[in-house]
Amino acid sequence: MVDVPNPLTTVAAHRSRISELVGVMPPVTLPVAGCLGLALAEDLVAAVALPPFDNSAMDGYAVRAADVATVPVTLPVTDDIPAGRASSTPLGPGTAQRIMTGAPVPVGADAVVQVEWTDGGTSSVRVDRGVPAGANVRRTADDVAVGTTVLAAGTALGPAQLGLAAALGFGSLPVRRRPRVLVLSTGSELVGPGEALGPGQIYESNGVMLAAAVREAGGEAELVRFVPDDVAAFRAAVEPRLAGVDLLLTSGGVSAGAYEVVKDALTGRGVEFTRVAMQPGGPQGAGRYRGVAVATLPGNPVSAQVSFEVFIRPALRAALGFPVVERPTAVAALDSPLTSPAGRTQFRRGRYDPASGRVVTPVGGPGSHLLSALALSDCLIEVPPDVTELAAGAEVLVRFLQ
Ligand code: AMP
Ligand code: MG
């Protein structure tokens with residue numbers, strides 16, 4: 001085999017190149033419900049307190065604790081306070097007001113006796129058990145005081161964070177707009193899933209996989225129907241769709257053979273093609289075509305998806321304003337030996353078992369066509385460039401895929 005003349009690009013260098021090309025998206029304000037999975041672009045400061053007023057934690061009776069110190073005692077019920085209403089009368093000494101969970105505690109009351117400890121009366125109530133002052137009252141600002149920074153810029157907005165924002169009265173939130181990614185697969189052998197497969201043809205799978213990966217990372221994906229290995233067809237598919245796109249993401253057509261359509265269409269037009277010191281996913285390209293950031297991934301499905309994980313996902317996370325762009329990692333013991341090419345970072349597919357002492361099992365071999373092995377994996381096993389052999393039991397870094 002003829003060796004590659006140029007030195008290989010490092011994984012780290014190619015990753016920073018892609019992130020630099022994509023950059024950071026501008027801030028926008030989106031309705032809270034549309035912010036799931038995005039990062040907060042500014043600190044979120046509470047303009048109201050939580051709870052905003054002293055309210056009852058129970059269905060029961062607002063009282064003065066001193067009036068129920070000796071039980072049983074019967075008190076006249078002078079008002080009825082459902083949630084959403086304030087009492088019309090302050091609580092006088094020796095009286096009770098019926099109150100529901102979440103309703104404002106009336107002025108003059110210092111405790112709530114739960115209904116279960118009473119006879120449940122409506123004009124008068126017999127209280128069978130006393131409560132100390134403060135019992136069953138949720139105090140103003142118990143949870144959040146006005147002016148508190150409740151969530152810092154960069155916080156990932158999951159269900160609980162969106163719930164908190166809504167509870168504080170935010171109808172919309174400052175986030176960064178989702179990066180728009182145009183996903184295009186290439187290959188004259190490709191046939192759409194659902195169509196009839198002819199001799200020498202295969203079903204196209206990178207498109208749906210990469211578009212899903214973009215969405216899972218928080219981006220917006222436009223999936224273009226794949227094109228054959230034909231420069232004119234490639235350009236005809238790409239050019240009318242470039243407006244407003246933050247990243248053109250292609251797969252296939254970048255290795256060393258003939259008919260490398262992506263290479264042929266973009267070489268000398270702002271995109272540079274290199275070999276990255278990794279396996280799988282060596283042939284890569286990056287640059288700008290007509291002002292739009294471009295990343296070209298190799299076509300083998302496992303290479304394409306591993307390249308996405310290593311280069312594209314971190315760039316999209318950074319574009320969204322996440323301070324941490326990496327997936328979670330762990331150190332695990334290999335349950336079987338591995339070999340890895342010298343001078344390349346190898347990313348093997350694996351299954352991680354935290355139960356049996358953090359053990360990871362390689363799934364399938366190193367072949368970059370083994371898509372089912374990828375689908376059965378939950379992590380990538382990262383083998384550094386200077387390591388060529390690992391015995392069973394050796395410690396490795398695993399990068400979780402979900
Ligand atoms: P290429 O990078 O274009 O040389 O493709 C490498 C290998 O990946 C070949 O076996 C292709 O048939 C396969 N391949 C390329 N693109 C796709 C795709 N979109 N879906 C499934 N397999 C693909
Ligand atoms: Mg191809």
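This is a short walk through the helix packing, the nonpolar core and a few local backbone features of the structure above.

Hi everyone, thanks for coming. One thing before we start: this is a predicted model, so please keep that in mind as we go through the numbers.

Let's begin with helix 6, residues 301–319, and its partners. Take helix 1 as the opening case, which covers residues 11–22. How do the axes of helix 1 and helix 6 cross? They come within 8 Å of each other, at an angle of roughly 40°. That angle makes helix 1 oblique to helix 6, and the crossing is right-handed. On the helix 1 side, the contact is built from Val11, His14, Arg15, Ile18, Ser19 and Val22. Helix 6 answers with Val310, Phe311, Ile312, Pro314, Ala315 and Ala319. If you sort that contact by class, you get nine nonpolar residues, two polar ones and one charged one.

If you like looking at spacing, here is a reminder for reading such lists. An α-helix has 3.6 residues a turn, so residues three or four places apart point the same way.

Now for helix 3, residues 206–216, which also packs on helix 6. Their axes come within 10 Å and cross at roughly 20°. Angles under 35 degrees count as roughly parallel, and helix 3 and helix 6 are therefore roughly parallel to each other. This crossing is right-handed too, for helix 3 and helix 6. The residues in contact from helix 3 are Asn206, Met209, Leu210, Ala213, Val214 and Glu216. From helix 6 they are Pro301, Ala304, Gln305, Phe308, Arg313 and Leu316. By class, the contact of helix 3 with helix 6 has eight nonpolar, two polar and two charged residues.

Let's stay with helix 3 a moment longer. Which of its residues are buried? The list is Asn206, Gly207, Met209, Leu210, Ala211, Ala213 and Val214. And what covers them? Helix 6 is part of the cover, and so is helix 7, residues 371–375. Several strands contribute as well, including strand 12 (180–186), strand 15 (220–227), strand 16 (247–251) and strand 20 (292–297). Just past the end of helix 3, Gly218 has a positive phi of about 105°.

That brings us to the core. How many residues does the largest nonpolar core have? The count is 35, and the members with the most contacts inside it are Ile18, Val214, Leu249, Met278, Phe308, Phe311 and Ile312. At least two residues of this core come from each of helix 1, strand 12, helix 3, strand 16, strand 20 and helix 6. Helix 6 gives the most, with ten residues. You may recognise some names from the helix contacts: Ile18 of helix 1 and Phe311 and Ile312 of helix 6 were there, and Val214 and Phe308 were in the contact of helix 3 with helix 6. As general background, nonpolar side chains tend to be buried together in soluble globular proteins.

Next, some backbone details that are worth a look on your screens. There is a cis peptide bond from Leu50 to Pro51, with omega near -15°. Pro51 sits in the loop between strand 2 (44–45) and strand 3 (55–56). Another cis bond joins Val71 and Pro72, where omega is about -5°. Pro72 is in the loop between strand 4 (60–63) and strand 5 (73–81).

Then there are positive phi values outside glycine. Asn136 has one of about 60°, in the loop between strand 8 (124–127) and strand 9 (137–138). Arg358 has one near 55°, in the loop between strand 23 (345–353) and strand 24 (359–362). Is Arg358 buried, partly exposed or exposed? With a relative accessibility of 47%, Arg358 counts as partly exposed.

Finally, two residues with partners from elsewhere in the sequence. Pro362 lies in strand 24 and is buried, at 15% relative accessible area. Beyond its sequence neighbours within four places, Pro362 contacts Leu334, Asp335, Ser336, Leu338, Arg348, Arg349, Gly350 and Ile381. Ser377 is 15 residues away along the chain, yet the C-alpha atoms of Pro362 and Ser377 are separated by 8.4 Å.

Ala153 is in the loop between strand 10 (149–151) and helix 2 (159–167), and is partly exposed at 40%. Setting aside residues up to four places away, Ala153 touches Leu40, Ala41, Glu42 and Asp43. Ala153 and Pro174 are 21 residues apart in sequence and 9.2 Å apart in space, C-alpha to C-alpha.

That's my tour, and thanks for listening!

Technical notes. Residues numbered from 1 in each chain as written. Chains lettered and ligands numbered in written order. Predicted model: local features only at pLDDT ≥ 70, side-chain atom pairs only at ≥ 80, totals over all residues. Heavy atoms only, no water. Buried < 20%, exposed > 50% of the residue type's maximum accessible area, 1.4 Å probe, protein only. Helix = DSSP H or I, 4+ residues; strand = E, 2+ residues; numbered from the N terminus. Contact = heavy atoms within 4.5 Å. Axes fitted to C-alpha atoms, helices over the stretch in contact; angles between N-to-C directions. Parallel < 35°, antiparallel > 145°, perpendicular 65-115°, else oblique. Left-handed = near helix turned anticlockwise from the far one by under 90°. Nonpolar A, V, L, I, M, F, W, Y, C, P; charged D, E, K, R; others polar. Core = buried A, V, L, I, M, F, W, Y, C linked by side-chain atoms within 4.5 Å.
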